[in-house]
Amino acid sequence: MKIIISNTKKFLIKDTLKDFHCKQGLIKAKDLKKTKGKIKTNKGEEFFILKPEFIDLYQKIKRNAQIITLKDIGAIITETGINQNSKILDAGAGSGALSCYLAHIVKSVIAYEIREDFAKTVKTNIQFLDLKNIKLKIKDIYTGIDEKNLNLITLDLPEPWKAIKHAIKALKQGGFLVAYTPQITQALEFTNKAVKTEKFVHIKTKETSEREWALKGKIAKPITPLISHTGFLTFLRRI
Ligand code: SAH
């Protein structure tokens, strides 16, 4: 596999012997055999050949459940300070996007997914990204958590408050419990119920917004459509 990349477009190219067609033109199969340097489409657009890195493959994973955005993954990483020593539980795994991204930077990830059909997609994505440090379980997190001493639990499911009592036992002291919820009312119920146990303090609830800009020659303007609201992130800390 390789990627071909220009200022406007990126494609992941499988090792096939076929010509490649895109809006930018046609690239001959024999040109695609090259492993470095640049190639031109028949319309004259130039692409550079690169070896795929994690992010190139990540952007191609299979999706069924709505996946978390990169800006929200970024906020989870930076607010919790997780690193190569961290042990994490992610539920529900959905398409496995968050589980896989976190596995790429931490020690180990346990992913819980209640639906078998979604779990299959998660498995496919783990294999595609060649991640060896994710354990996937078909399990309802509202019924309990098997693991102990976790540094972080991330919850992306409709009723995160139902996992609070299990998270109390599974998290290390000082560990984080993070819920990603589309509605602010969910964030409120989650926070209130967690704080009431006196086992958590509320660090913050926030949403992040992102505005990407198009830069070319004299043009410098925000790209539309903007990513607007995705979800609220609520950060709690086990005390
Ligand atoms: N963060 C994921 C998307 C999660 S979508 C990603 O980035 O890919 C929410 C998922 O939670 C769905 O797949 C749903 O089946 C699962 N889910 C809902 N309730 C659950 C529960 N009680 N235990 C485990 N998984 C659950």
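Two strands are taken to pair if DSSP finds at least two bridges between them, and the strands themselves (E, at least two residues) are DSSP runs, as are the helices (H or I, at least four residues), with numbering from the N terminus. What follows concerns a predicted model, in which local features need pLDDT of at least 70 and side-chain atom pairs count only at pLDDT 80 or more, while totals for chains, interfaces and linings use all residues. Residues are numbered from 1 along each chain as its sequence is written, and side-chain values use heavy atoms, with hydrogens and water left out.

With those terms in hand, the hairpin of E13 and E14 is a handy place to begin. Strand E13 (residues 213-216) runs antiparallel to strand E14 (residues 219-222), and four bridges link the pair. Lys216 sits opposite Ile219 of E14. Two residues separate the strands of this hairpin, and Gly217, in the turn, takes a positive phi of about 55 degrees.

Stepping back to the whole protein, the count comes to seven helices and 15 strands. The C-alpha atoms fill a box of roughly 65 × 40 × 30 Å along the principal axes. Domain 1 covers 2-52 and domain 2 covers 57-238; these bounds come from an automatic or database domain assignment. Between the C-alpha centres of domain 1 and domain 2 there are 34 Å. Of the 239 residues, 46% count as buried, where buried means under 20% relative accessible area, exposed means over 50%, and partly exposed is in between (1.4 Å probe, protein chains only).

Next comes the ligand. There are 22 residues around the ligand, and Glu113, Phe118, Asp140, Ile141 and Asp156 come nearest; a residue belongs here if one of its heavy atoms lies within 4 Å. By residue type, this shell splits into twelve nonpolar, five polar and five charged. Here Ala, Val, Leu, Ile, Met, Phe, Trp, Tyr, Cys and Pro count as nonpolar, Asp, Glu, Lys and Arg as charged, and the others, Gly among them, as polar. As for individual atom pairs, a polar side-chain atom of Asp140 is 2.7 Å from a ligand nitrogen atom. The backbone joins in too: an N or O atom of Ile68 lies 3.2 Å from an oxygen atom of the ligand, and one of Ile114 lies 3.3 Å from a nitrogen atom of the ligand. Taken alone, the ligand exposes 590 Å², and the protein buries 90% of that, with areas from the Shrake-Rupley method and a 1.4 Å probe.

A few loops deserve a look for their backbone geometry. Most residues other than glycine have a negative phi, and most peptide bonds are trans. Asn149, in the loop between strand E9 (134-138) and strand E10 (150-155), has a positive phi near 60 degrees despite not being a glycine. Asn149 is partly exposed, at a relative accessible area of 47%. Glu198 also has a positive phi, about 60 degrees, without being a glycine. Glu198 lies in the loop between helix H7 (184-196) and strand E12 (200-206) and is exposed, with a relative accessible area of 66%.

The peptide bond joining Ala91 and Gly92 is cis, with omega about -15 degrees; Gly92 belongs to the loop between E7 and helix H4 (97-105). At the other end of E7 (87-91), Ser86 occupies the loop that follows helix H3 (70-80). Ser86 is buried, at a relative accessible area of 5%. The C-alpha atoms of Ser86 and Trp161 are 23 Å apart, with their positions 75 residues apart along the chain.

Key
A polar contact is a pair of N or O atoms within 3.5 Å; within protein, one must be able to donate a hydrogen and the other to accept it, and residues adjacent in sequence count only if both atoms are side-chain atoms.
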